[in-house]
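Reader: I've got this one open on my screen and would like to talk it through. Can we start with the strands and then move on to the ligand?

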Amino acid sequence: MTGHLTSHYEKPAEMYDGLRLHQNENTAGCSPRVLEALARLTRENIGFYPPYSVATDAAARYFGVTADRVTLVNGLDEGIMGAAIAYLRPSAGSGVVPEAIVPEPAFEIFRFDTAVAGGRLVQVMPKPDFEFALDEVLAAITPATRIVFITNPNNPTGVPVPFEAIRTIAKRIPKEAIVFVDEAYAEFAGRSFIPELPAFPNVVVGRTFSKAFGLAAIRIGAMVGAPEVLDPIRYVVPVYSVNIAAVVALQAALSDIDYLNDYLRQVRESKALVYAACDRLRLKYWPSDANFILVRVGDRVGEIVEAAKARGVFLRNRSSEPGCEGCLRMGTGVVEHTKRGIAVLEEALCAAR
Ligand SMILES: Cc1ncc(COP(=O)(O)O)c(C=O)c1O
């Protein structure tokens with residue numbers, strides 16, 4: 001399926017007066033060390049343009065790469081937009097409309113950024129149980145392909161993508177193209193494509209510190225890859241888009257790996273609780289490698305999400321995404337929050353019956 005999307009991205013409504021299980025955030029928030037670091041900022045720190053190198057080095061150490069392979073961005077969203085503009089903007093006189101392949105269901109920003117950049121969206125529709133549609137993605141590659149967007153583990157499904165599929169796609173795309181592997185949820189999966197990047201220099205990995213590290217409001221992410229594939233993205237990202245609060249928060253967050261590990265442990269426990277609840281309630285779900293679970297609650301999904309909201313728990317209706325009919329997505333982080341989410345989901349299911 002191909003097409004242009006002209007409508008804009010609709011941000012989720014600003015709902016802060018309740019339990020936010022709808023945006024895959026760390027609902028415990030960031031490490032206390034982050035607040036301490038922010039409190040140490042001086043007036044001069046705020047008055048000067050921010051230095052990036054120490055934070056870039058810290059991120060590079062965390063990813064196990066050299067600093068020339070990392071570009072910090074103002075949230076991974078900015079990195080995705082940068083990649084879209086760098087690789088999907090039609091160049092004057094070439095006659096080629098660059099194409100982005102998006103295996104669905106996908107993080108919806110890929111569609112919008114493709115449209116904003118002026119590229120053509122090529123959607124690959126899902127297979128049963130969201131098994132990665134490798135043959136279909138390969139069949140969608142053309143000489144005009146410039147980006148294949150893959151999220152691993154995927155959002156909204158939590159389903160992992162086999163590395164072999166990424167390798168195969170990377171070998172088959174045109175030489176001007178990249179595979180963009182969005183690893184927003186990689187900490188929860190415990191797996192990353194980053195160690196493979198030297199062998200696959202046309203792959204760029206996107207990471208965020210919004211999720212596992214609880215820095216969503218600070219806006220800090222990273223693009224990891226070979227300098228020559230990152231350079232076109234660096235050219236389009238504004239010069240000082242990462243601010244000083246993000247610079248110090250990132251270093252503080254990366255210094256507190258115990259805090260990260262505790263959250264990862266809670267995510268595992270939370271997912272087990274939700275699986276057990278779904279089994280008991282006879283709801284279909286997909287085992288997730290992320291910090292959320294996609295659950296099929298049926299035709300009344302809209303009512304169920306509203307009933308949960310009325311009880312102070314925000315869930316995300318994903319039923320309009322390809323293959324996700326009747327589905328909602330629930331964050332599975334802090335165990336206490338998950339228990340409340342499950343109780344409210346049960347009440348909402350009854351209320352909507
Ligand atoms: C797959 C995926 N990529 C990127 C992002 C955005 O990350 P950031 O907060 O760093 O912009 C999200 C956030 O929901 C996401 O789910």
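Reader: Which residue in β11 is the bridge partner of Y285?

Author: Keep in mind that we're looking at a predicted model. β10 and β11 (residues 292–296) run antiparallel to each other and pair over two bridges. For Y285, the bridge partner in β11 is V295.

Reader: Which strands stand at the edges of that sheet?

Author: The sheet is open and has four strands, paired antiparallel in the order β10-β11-β14-β13. The strands at its edges each have a single partner, so one side of each has no neighbour in the sheet. Those edge strands are β10 (284–285) and β13 (316–317).

Reader: On to the ligand. Which helix gives the most residues to the shell around it?

Author: The ligand has 14 residues around it, and L76, D182, Y185, T208 and S210 are the closest. By class, that shell splits into five nonpolar, five polar and four charged residues. The top contributor is a helix covering residues 76–88, which gives three residues: α4.

Reader: How far is an oxygen atom of the ligand from an N or O atom in the side chain of T208?

Author: Let's take some other polar contacts before that one. N155 has a polar side-chain atom 2.8 Å from a ligand oxygen, and for S210 the distance is 2.6 Å. For the T208 side chain, it's 2.5 Å.

Reader: And what share of the ligand's accessible area does the protein cover?

Author: The ligand takes up the space of the largest pocket. Polar side-chain atoms reach its oxygens there, including one from S210 at 2.6 Å. On its own the ligand has 390 Å² of accessible area, and the protein's share of cover is 93%.

Reader: Now the backbone. Which residue is joined to P153 by a cis peptide bond?

Author: Most peptide bonds are trans. One cis bond joins E104 to P105, with omega about -5 degrees, and P105 is in the loop between β4 (99–103) and α5 (109–117). P153 lies in the loop between β6 (145–151) and α7 (163–172). Its cis bond, with omega near -10 degrees, comes from N152.

Reader: What is the phi of D129?

Author: Most residues other than glycine have a negative phi. D129, in the loop between β5 (120–124) and α6 (134–140), isn't a glycine, yet its phi is positive. The value is about 55 degrees.

Conventions. Residues numbered from 1 in each chain as written. Predicted model: local features only at pLDDT ≥ 70, side-chain atom pairs only at ≥ 80, totals over all residues. Heavy atoms only, no water. Near = heavy atom within 4 Å. Polar contact = N/O pair within 3.5 Å; in protein donor to acceptor, adjacent residues only side chain to side chain. Areas by Shrake-Rupley, 256 points an atom, 1.4 Å probe, with all protein chains shown as cover. 1 Å grid on protein atoms, 1.4 Å probe; cavity = no way out; pocket = protein on both sides within 12 Å on 5 of 7 lines; lining within 4 Å. Sits in = over half its atoms within 2 Å of the grid points. Nonpolar A, V, L, I, M, F, W, Y, C, P; charged D, E, K, R; others polar. Pairing = 2+ DSSP bridges.
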